[in-house]
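Here's a protein to explore together, with a ligand included. Let's take it one neighbourhood at a time.

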Amino acid sequence: MTWFSRRMTSNNVDDHLLASLRPEALAPATSGIVELFNLGRGRGDVIPLWVGEGDLPTPTFAREAARRSLDLGETFYSPQRGLPELRTAIARYMNRHYGRADMAGPRFAAEQFSVTVGGMHALQIALRLVAGPDTEVIVPTPAWPNFAGALSAAGAEPIEVPLTFTNVDGAAAWLLDHDRLASAIGPKTRAIVVNSPANPTGWTASRADLERLLELARLHGLWIVADEIYGRLVFDGPRAPSFHDVMEPDDRVLFVQTLSKNWAMTGLRVGWIEAPPSLGPVIENLIQYSTSGVPAPIQRAAIAALDDGERFLEEQLARMAASRQILCDGLAAMEGVRFARPGASFYLFCAFDGHDDGRDLAVRLLDEARVGVAPGTAFGAGAEPYVRICFARDPRRIAEAVERIRAWLAR
Ligand code: PLP
């Protein structure tokens, strides 16, 4: 297992206490992203591109919706699965962007959605529904470390299936090897996590990829946990292909979603899980016994974002596209830097010739170039030499980061 750069050891947790804890609690280790972030915390003059969030605050109209709610005294418990108005707003949003023209009525209804404390909580619930001790879940890598972390904390085993870094029509690209993925399925496999567009590579499943994955899941009776949170952050076209485009109503797919990235709401913590409506009561219990719901003012901000947030999303995307261009052009002009140009998400995953250890590379970029990036070693098999650069920032800061990296390489 290559997931974790630092396991919980007796160096950092008292031995006696450690022995008394559940093994699942100790299974996940500190994320390599957090480790780098902690190393650089408080250092002046570092350009921080390590964490998966932008530099814009939540848009004013969404903040005002939360403020109005507080002023009205919406400070009581709210329904476990979310305010009915928010669940209806999610259904409206989904019908606008993921509806099917060939269907007579609206495709999505509030019963399919449960509001969660961000995408991470939606993922927690999805995994709790399908994975636990003595089960395995397939995770294509490089992957966001929280998939493995959440699986380990549930007592389940993440099974890594590395994507292939290759050349398609003269351009570098990450590809999913379906035969390799199929051969990772065993008697304990319960689910496949499909994060498309992917953090950290920007890999985006084609419609054909999604069809093959769904076929495989049907054949083996597996669930698909579809994390499509970057599905609207695409640079050509209105959105990425989705399992919604290829699935039938009785397919076993759980969707993880969040408002964090599209509407700069990472700190407000609101997202949703989409599941077959019959699972509603089960999910309601899991929410009751974990967070007991999301604060109403935050849900009001989410309604505003879903109903009125398209302009903000477009503006944010245009800014990201400018930053992506500067970053890709800058890195392409440097000798010995390899990466696949991301068509979606706001990450660029790159490796530098002569540097085989992404953690070491990230530490050197922090210490010597004063650019904070996330180490590839945090993202599982096949990711070790790489670093992840988040470009959801002011294009001028990205240009400055490119210049610092260029000067560092040229020393
Ligand atoms: N899924 C992926 C792939 C992510 O990258 C993230 C956050 O970085 C999340 C889910 C979780 O989002 P949230 O901040 O809403 O918990």
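## Around the ligand

The shell of residues around the ligand splits into four nonpolar, six polar and three charged. Keep in mind that this is a predicted model. In total, 13 residues surround the ligand, and the closest are Gly119, Asp227, Thr258, Ser260 and Lys261. Which helix gives the most to this shell? That's α6, running over residues 118-130, with three residues.

Some side chains come within polar reach of the ligand. Here are three of them:

| Side chain | Ligand atom | Distance |
|---|---|---|
| Asn199 | oxygen | 2.8 Å |
| Asp227 | nitrogen | 2.5 Å |
| Lys261 | oxygen | 2.6 Å |

How much of the ligand does the protein bury? Taken alone, the ligand exposes 390 Å², and the protein buries 93% of that.

## Asn195 and its surroundings

Now look at Asn195, which sits in strand β7, residues 189-195. Its relative accessible area is 8%, and buried means under 20%, so Asn195 counts as buried. Its side chain reaches the backbone nitrogen of Asn199 at 3.0 Å. Remember Asn199 from the table: a polar atom of its side chain lies 2.8 Å from a ligand oxygen. A polar atom of the Asn195 side chain also lies 3.2 Å from the backbone oxygen of Pro197. Not counting residues up to four places away in sequence, Asn195 touches Phe147, Trp203 and Asp227. Asp227 is another familiar name, as one of the residues closest to the ligand.

Pro197 has something else going on. The peptide bond leading into Pro197 from Ser196 is cis, with omega near -10 degrees. You'll find Pro197 in the loop between β7 and α9, the helix at 207-220.

## Another cis bond, and helix α7

Thr141 and Pro142 are also joined by a cis peptide bond, this time with omega at about 0 degrees. Pro142 belongs to the loop between β3 (136-141) and α7.

So how covered is α7? Seven of the nine residues in this helix, which spans 145-153, are buried. They are Pro145, Phe147, Ala148, Gly149, Ala150, Leu151 and Ser152. Phe147 is also one of the residues touched by Asn195. After the helix comes Gly155, with a positive phi near 85 degrees.

## A buried arginine

Is Arg232 buried or exposed? Its relative accessibility is 9%, so Arg232 counts as buried. This arginine lies in the loop between β8 (223-227) and β9 (253-258). Its side chain is joined to that of Tyr93 by a polar contact of 3.1 Å. Beyond its neighbours within four places in sequence, the contacts of Arg232 include His97, Tyr98, Asn262, Glu310 and Leu317.

## Helix α13 and what follows

Helix α13 covers residues 358-369, and its buried residues are Gly358, Leu361, Ala362, Val363, Leu365, Leu366 and Ala369. What covers them? The list includes helices α3 (32-40) and α14 (395-410), along with strands β12 (347-352), β13 (371-372), β14 (374-375) and β15 (387-390). At the N-terminal end, Asp357 acts as a cap: one of its side-chain oxygens lies 2.8 Å from the backbone nitrogen of Arg359.

Just after α13 comes Arg370, with a positive phi of about 60 degrees. Most residues other than glycine have a negative phi. Arg370 isn't a glycine, yet its phi is positive. Arg370 lies in the loop between α13 and β13 and is partly exposed, with a relative accessible area of 33%.

Ser345 is another non-glycine residue with a positive phi, about 75 degrees. Ser345 is in the loop between β11 (337-339) and β12. With 0% relative accessibility, Ser345 counts as buried.

## The cysteines

How many disulfides does a search of the whole structure find? Zero. For Cys350, the nearest cysteine sulfur belongs to Cys328 and is 9.6 Å away. A disulfide needs the two sulfur atoms within 2.5 Å, so Cys350 is in none. Cys350 is buried, at 0% relative accessibility. Cys390 isn't in a disulfide either: the nearest cysteine sulfur, that of Cys350, is 13 Å away. At 1% relative accessibility, Cys390 also counts as buried.

How values were computed:
Residues are numbered from 1 along each chain as its sequence is written. This is a predicted model: local features need pLDDT of at least 70, side-chain atom pairs count only at pLDDT 80 or more; totals for chains, interfaces and linings use all residues. Side-chain values use heavy atoms; hydrogens and water are left out. Buried means under 20% relative accessible area, exposed over 50%, partly exposed in between (1.4 Å probe, protein chains only). Helices (H or I, at least four residues) and strands (E, at least two) are DSSP runs, numbered from the N terminus. A polar contact is a pair of N or O atoms within 3.5 Å; within protein, one must be able to donate a hydrogen and the other to accept it, and residues adjacent in sequence count only if both atoms are side-chain atoms. Contact means heavy atoms within 4.5 Å. A residue is near a molecule or strand if one of its heavy atoms lies within 4 Å of it. Accessible areas come from the Shrake-Rupley method with a 1.4 Å probe; for residues, only the protein chains shown count as cover. Ala, Val, Leu, Ile, Met, Phe, Trp, Tyr, Cys and Pro count as nonpolar, Asp, Glu, Lys and Arg as charged, and the others, Gly among them, as polar.
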